[in-house]
Amino acid sequence: MFPVFWWAVFTFAAIWAQKTVPGVDFMAPGVLLCLQLNKRTQLFWLIFFWSLIQDGIGGLPFGYSVAWYLSILALYRGGEMFFDVQSMMFALLCGGMLGVMHVALTATMSMLADMAFVPDRYIYEGVIQAVVFPVVWLLLKLVYPSGFKNEPV
C-alpha cells in the first residue's frame with residue numbers, strides 16, 4: 001500500500017513540475033526506475049495511468065504518451081545488452097535519446113493531427129528534456145525508499 005501512496009505523491013509532484021516547465025515529462029524517469037528495479041506490475045499501472053494523464057491534459061492526439069513510454073522501454077531493453085543500465089551514464093544516454101524522441105514524436109503526432117509544428121519550440125523542449133531526465137532520475141533513485149525495493153508489488 002505504501003508504494004502506491006509514494007508513486008501517487010511522485011505523480012502529483014511531476015504534474016506540478018510539468019505545469020512549471022511545459023513540454024518536459026517529469027514522469028519518464030519513474031518508468032526507468034521501475035525498469036531498473038524490475039517492478040513490472042508497478043510499471044504497467046504507472047504507464048497506464050500516466051498515459052491517461054498525459055494524453056488527457058496534453059494538446060496532441062491520444063497515443064503520444066503511449067509511444068513515449070514504450071520508447072523508454074525499448075531504450076532500456078536495447079541498452080541493457082550494451083550498458084550498465086543502473087549507471088548515471090545510461091541515464092544521460094536515455095535523456096539524450098528521449099530529447100531527440102520528443103522532437104520526432106511531436107513532429108509525427110502534429111502531422112497526423114494536422115497541427116502546426118514549431119521546430120524551434122520542440123527542439124528547445126527536447127534539449128530541456130535531455131537535461132532534466134537524468135537529474136530527476138538521480139533524485140528519484142536517491143529518494144526512493146529502500147524498503148520498497150524488495151517488495152513484490
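User: How many disulfides does a search of the whole structure find?

Analyst: Zero. A disulfide is a pair of cysteine sulfur atoms within 2.5 Å. C34 is in none, and its nearest cysteine sulfur, that of C94, is 14 Å away. C94 is likewise in no disulfide, with the sulfur of C34 at 14 Å. This is a predicted model: local features need pLDDT of at least 70, side-chain atom pairs count only at pLDDT 80 or more, and totals for chains, interfaces and linings use all residues. Residues are numbered from 1 along each chain as its sequence is written, and side-chain values use heavy atoms, leaving out hydrogens and water.

User: Why is C34 called buried?

Analyst: Buried means under 20% relative accessible area, exposed over 50%, partly exposed in between (1.4 Å probe, protein chains only). C34 has 2% relative accessibility, so C34 counts as buried. C94 has a relative accessible area of 1% and is therefore buried.

User: What makes L92 partly exposed?

Analyst: Its relative accessible area is 43%, so L92 is partly exposed. L92 is found in helix 5 (residues 88-112); helices are DSSP runs of H or I, at least four residues, numbered from the N terminus.

User: Why is V66 called partly exposed?

Analyst: V66 has a relative accessible area of 31%, so the label is partly exposed. V66 lies in helix 4.

User: Which helix supplies the largest share of the nonpolar patch?

Analyst: Helix 3, with five residues. The patch on the surface includes F44, W45 and V66.

Terms used:
Patch = residues over 30% accessible without salt bridge, like charges linked within 9 Å, V, L, I, M, F, W, Y side chains within 5 Å. Areas by Shrake-Rupley, 256 points an atom, 1.4 Å probe, with all protein chains shown as cover. Salt bridge = Lys/Arg side-chain N within 4 Å of Asp/Glu carboxyl O. Helix = DSSP H or I, 4+ residues; strand = E, 2+ residues; numbered from the N terminus.
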